[in-house]
Amino acid sequence: EWLLRQSYINSPADGILLLSENSAEKMEGKAVKTGDKLFEVFAPDDLIAEIEVDEQNASLLGQLKNTVLYLHSSPEQPIRAHVFFTGSQSMLTERKTFCYILRADLLDDSPNKRCGMRGTARISGPKVSLGYYLFRSIMLWWRRI
């Protein structure tokens, strides 16, 4: 405790502090090593979107064409986005599913955007043949039983 009282952490920018695991409960009592990311500072004017893509839809990750976001607060306004980061491995999410994490820059400037808003993403890739789609669907169905 004495060491914590003597420590000062300076942020490189003004903004909102966000814990890396998105909840304080997961970080409480956790042992950390040098170099572990504990938090990020997000500036309100430099927002990014974090998109979870289910593992069964991972085939489109290599060839993303178009990404559009719809916020729950204003679903009638599409927000275009550009994906700049794609996770290399799937991670277990709060919904107990394995997902790949994408990060995207928001291209449209809307006054409704705020840190922490939730919504839906529509990600599209190249068209695939009907045979590939049917084979993939049957294999995914078979894996579930």
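These legends walk through several close-up views of a predicted model.

**View 1. The whole chain, before zooming in.** Let's start with the overall layout. Three helices and eight strands make up the secondary structure of the chain. Reading from the N terminus, the order is α-β-α-β-β-β-β-β-β-β-α. The chain has 145 residues, and 20% of them count as buried. Its exposed surface comes to about 11700 Å², with carbon and sulfur atoms supplying 54% of that area. Now for the contacts with a separation of 6 or more: 63% of these link residues that are 24 or more positions apart.

**View 2. Leucine 71 in strand β4.** Here we look at leucine 71, which belongs to strand β4, covering residues 66–71. Is leucine 71 buried or exposed? It has 12% relative accessibility, and buried means under 20%, so leucine 71 counts as buried. Setting aside residues up to four places away in sequence, leucine 71 touches Ile79, Lys113, Met117, Arg118 and Gly119. Alanine 121 is worth finding in this view too: 50 residues separate it from leucine 71 in sequence, yet their C-alpha atoms are 8.6 Å apart in space.

**View 3. Alanine 49 in strand β3.** Next up is alanine 49, a residue of strand β3, which spans 48–54. Its relative accessible area is 14%, so alanine 49 is buried. Which residues does alanine 49 contact, once its neighbours within four places in sequence are left aside? They are Leu69, Leu102, Arg103, Ala104 and Leu106. You can also look for alanine 81, which sits 32 residues from alanine 49 along the chain, with 8.2 Å between the two C-alpha atoms.

**View 4. Threonine 93, a buried loop residue.** This one takes us out of the strands, to the loop between β6 (91–92) and β7 (98–106), where threonine 93 has its place. Threonine 93 is buried because its relative accessible area is 11%, and the cut-off for buried is under 20%. Not counting residues up to four places away in sequence, threonine 93 touches Glu52 and Cys99.

**View 5. Alanine 58, in another loop.** Alanine 58 is in the loop between β3 and β4. With 24% relative accessibility, alanine 58 counts as partly exposed, because that label covers values between the 20% limit for buried and the 50% limit for exposed. What is the C-alpha separation of alanine 58 and tyrosine 100? It is 7.5 Å, for two residues that are 42 apart along the chain.

**View 6. The second largest pocket and its lining.** This view shows the second largest pocket, which holds about 280 Å³ of space. The residues lining this pocket include Asn57, Ser59, Leu60 and Gln63. Also part of the lining are Gly125, Pro126, Lys127 and Val128, along with Tyr132, Tyr133 and Arg136. Sorted by type, the lining has five nonpolar, four polar and two charged residues.

**View 7. Two tryptophans with paired rings.** We finish with the aromatic rings, where the count of pairs comes to one. The partners are tryptophan 141 and tryptophan 142, whose ring centres are 6.3 Å apart and whose planes meet at 50°, so the pair is tilted. Both tryptophan 141 and tryptophan 142 are exposed.

Technical notes:
Residues numbered from 1 in each chain as written. Predicted model: local features only at pLDDT ≥ 70, side-chain atom pairs only at ≥ 80, totals over all residues. Heavy atoms only, no water. Helix = DSSP H or I, 4+ residues; strand = E, 2+ residues; numbered from the N terminus. Buried < 20%, exposed > 50% of the residue type's maximum accessible area, 1.4 Å probe, protein only. Contact = heavy atoms within 4.5 Å. Areas by Shrake-Rupley, 256 points an atom, 1.4 Å probe, with all protein chains shown as cover. 1 Å grid on protein atoms, 1.4 Å probe; cavity = no way out; pocket = protein on both sides within 12 Å on 5 of 7 lines; lining within 4 Å. Points joined across faces, edges and corners; volume = space filled by probe spheres on them. Nonpolar A, V, L, I, M, F, W, Y, C, P; charged D, E, K, R; others polar. Phe/Tyr/Trp six-rings, centres within 6.5 Å; stacked < 30°, edge-to-face > 60°.
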